[in-house]
Structure formats: C-alpha cells, structure tokens
Amino acid sequence: MNGDLSLAVHALVFLDHKNCTQSSEQLAQNICTHPVRVRRVLAKLARAGLVRTREGGAGGYLLARPAADITLCQVAAALSVRFVEVSWRSGDVDMDCLVASGMGAVMDGIYRELDELCQKRLQSIAIGDLTAQIFGGPAA
C-alpha cells in the first residue's frame, strides 16, 4: 500500500467540504503534494465513477455522487489497493520439507484473509462520515 489512498480520501473529503469544483492545484495545496500526483490519482477515481471532471478555465474535480454513498472500500478498489501483502515469501514449493514447501501458501491465505477484513471494515466508512468527523457534525 502506498499513500495514494490517503491522498484520494483527503481529496474526496475536501471536495465534499467545498461542495464545488476544485482544480488539481487547489487540491494539491490542501493535500500538500504536487498537482500532477493529484491528477494521476483522481484520474483513477474518475474512471471508477467517484469524481467527475470539468475541462477549461473553471475546470477541475467534483464528487460524482453524495459523499455518504462513497465508501473507503470503493476508493481502495478504484486504486487497486491491497492492504496486506508481502514482497518476500519464505520456503520453496519444490523442497521436500513440508514446512518449507507449504509455508508460502499458508501465509498467502492469511494475508488474503486480512486484506478481506480490511476491505469489509472500509465498506462501512463513507467519505461523508469522515467529513462529519472533521467538522463534528452528523454523517451526511
């Protein structure tokens, strides 16, 4: 997992709060990152139908649907986020030892289950919930 999920969630909460089109420069300033990075991440959200884009001088991004209808799980899916993954596996499937040959698959199953638990939890958190947390009001 990288920082794209945090960037995306920050941008969506900011768009919800502002309730109007925001340019990548405006978003980048609030997120404290580069506008190119914002455009790269928000392009994925646009393809997933979470934000809309407007071209031209008054162009930018706005929410494609109510913030209460956008879950963090949807955002993560749009960005192809895996919450639990490893870059190294122990053992070797070709070894005679059952521990060495089977441990990788066992751990992969555990990581897959943990990732699914993260996704399930994020299904219950909407962008509107986060906006409400920040501003101390009820969720939209």
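Let me start with helix H1, residues 4–18, and helix H2, residues 24–31, which pack at an angle of about 115° with their axes 10 Å apart. The axes here are lines fitted to C-alpha atoms, for helices over the stretch in contact, and the angles run from 0 to 180 degrees between N-to-C directions. H1 and H2 are therefore roughly perpendicular to each other, on a scale where angles under 35 degrees count as roughly parallel, over 145 as roughly antiparallel, 65 to 115 as roughly perpendicular and the rest as oblique. The helices and strands I name are DSSP runs, H or I of at least four residues for helices and E of at least two for strands, numbered from the N terminus.

Before going further, I should say that this is a predicted model, in which local features need pLDDT of at least 70 and side-chain atom pairs count only at pLDDT 80 or more, while totals for chains, interfaces and linings use all residues. Residues are numbered from 1 along each chain as its sequence is written, and side-chain values use heavy atoms, with hydrogens and water left out.

Back to the first pair: which residues of H1 and H2 make the contact? On the H1 side they are Leu7, His10, Ala11, Phe14 and Leu15, and on the H2 side Gln26, Leu27, Asn30 and Ile31, where contact means heavy atoms within 4.5 Å. By class, these residues divide into six nonpolar, three polar and no charged; Ala, Val, Leu, Ile, Met, Phe, Trp, Tyr, Cys and Pro count as nonpolar, Asp, Glu, Lys and Arg as charged, and the others, Gly among them, as polar.

H2 also packs on helix H3, residues 35–47, and the axes of H2 and H3 come within 8 Å and cross at roughly 105°. That makes H2 roughly perpendicular to H3. Ser24, Glu25, Leu27, Ala28 and Ile31 of H2 make this contact with Pro35, Val38, Arg39 and Leu42 of H3, and by class the contact has six nonpolar, one polar and two charged residues.

The third pair is H1 with helix H6, residues 127–135, packed at an angle of about 70° with their axes 9 Å apart. That makes H1 roughly perpendicular to H6. From H1, the residues Val9, Leu12, Val13, Asp16 and His17 meet Ile127, Gly128, Leu130, Thr131, Ile134 and Phe135 in H6, and this contact holds seven nonpolar, three polar and one charged residues.

That brings me to the core. In soluble globular proteins, nonpolar side chains tend to be buried together. The largest nonpolar core in this model has 35 residues, of which Leu27, Leu42, Leu45 and Val75 touch the most other members; such a core is a set of buried Ala, Val, Leu, Ile, Met, Phe, Trp, Tyr and Cys residues joined through side-chain atoms within 4.5 Å. Buried means under 20% relative accessible area, exposed over 50%, and partly exposed in between, with a 1.4 Å probe and protein chains only. At least two residues of this core come from each of H1, H2, H3, strand E2 (60–63), helix H4 (72–78) and H6, and the largest share, nine residues, comes from H1. Leaving aside neighbours within four places in sequence, Leu27 is in contact with Ala11, Phe14, Leu15, Gln22, Val38, Leu42 and Tyr61.

Now to the loops. Is Thr71, in the loop between E2 and H4, buried or exposed? At 16% relative accessibility, Thr71 counts as buried, and, not counting residues up to four places away in sequence, Thr71 touches Leu122, Gln123, Ile125 and Ala126.

Cys32, in the loop between H2 and H3, has phi near 70°, a positive value in a residue other than glycine, and is exposed with a relative accessible area of 68%. Ser80, in the loop between H4 and H5, likewise has a positive phi, near 55°, and at 61% relative accessibility Ser80 counts as exposed.

Asp94 lies in the loop between H4 and helix H5, residues 98–122, and is exposed with a relative accessible area of 66%. Asp94 and His17 are 77 residues apart in sequence and 55 Å apart in space, C-alpha to C-alpha.

Finally, Tyr111 lies in helix H5 and touches Val84 and Val86, not counting residues up to four places away in sequence. The C-alpha atoms of Tyr111 and Gly57, 54 residues apart along the chain, are separated by 46 Å.
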